Amino acid sequence: MQQKDEKTVKLAQVLGAIIKDLRQNNLKCSINQFAHEYDLDVGNTSRVEKGCIDVKFVTLWKIAEALQVKPSYLVRLLED
């Protein structure tokens, strides 16, 4: 298994925190409600929010749509 470098790990953690913050503060719903309502896998969504996995672009797109933001908005938040 290939180890991730520090930058990749940090990127995944920050993106996960951004997604979790938007879900909790904008949609005010649990991760279970969020995943089920928007046809996302609960376990995968949880791992994304915890920064445990690298999110695929298609998944990021679906999450952005569910959060009612553009994927580019998530990227801008991540850049900041």
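## Overall fold

The protein chain has 5 helices and 0 strands, and this description rests on a predicted model. Read from the N terminus on, the elements follow one another as α-α-α-α-α. The radius of gyration is 12 Å, close to the 12 Å that the globule rule gives for 80 residues, so the chain is as compact as a globular protein of that length. Along its principal axes, the C-alpha trace spans about 35 × 25 × 20 Å.

## Packing and surface

Of the 80 residues in the protein chain, 32% count as buried. Among contacts with a separation of 6 or more, 58% are accounted for by residues 24 or more positions apart.

The area that the protein chain exposes comes to about 5700 Å², and carbon and sulfur atoms supply 51% of that area. As for charge, the chain carries 12 positive and 11 negative side chains, with the centres of these two sets lying 2 Å apart.

## The surroundings of Arg-23

Arg-23 belongs to helix 1, which covers residues 6-27. Its relative accessibility is 4%, and because buried means under 20%, Arg-23 counts as buried.

The side chain of Arg-23 reaches the backbone oxygen of Cys-29 at 2.6 Å. When neighbours within four places in sequence are left aside, Arg-23 is in contact with Lys-28, Cys-29, Ser-30, Ile-31, Phe-34, Glu-49 and Leu-67. Cys-29 therefore appears both in this list of contacts and, within the 4.5 Å that defines a contact, as the residue whose backbone oxygen the Arg-23 side chain reaches.

Definitions and conventions:
Residues are numbered from 1 along each chain as its sequence is written. This is a predicted model: local features need pLDDT of at least 70, side-chain atom pairs count only at pLDDT 80 or more; totals for chains, interfaces and linings use all residues. Side-chain values use heavy atoms; hydrogens and water are left out. Helices (H or I, at least four residues) and strands (E, at least two) are DSSP runs, numbered from the N terminus. The radius of gyration is taken over C-alpha atoms; the globule rule is 2.2 Å times the number of residues to the power 0.38. Buried means under 20% relative accessible area, exposed over 50%, partly exposed in between (1.4 Å probe, protein chains only). Accessible areas come from the Shrake-Rupley method with a 1.4 Å probe; for residues, only the protein chains shown count as cover. Lys and Arg count as positive and Asp and Glu as negative; His and the chain ends are not counted. The place of a charge is taken as NZ of Lys, CZ of Arg, CG of Asp or CD of Glu. A polar contact is a pair of N or O atoms within 3.5 Å; within protein, one must be able to donate a hydrogen and the other to accept it, and residues adjacent in sequence count only if both atoms are side-chain atoms.
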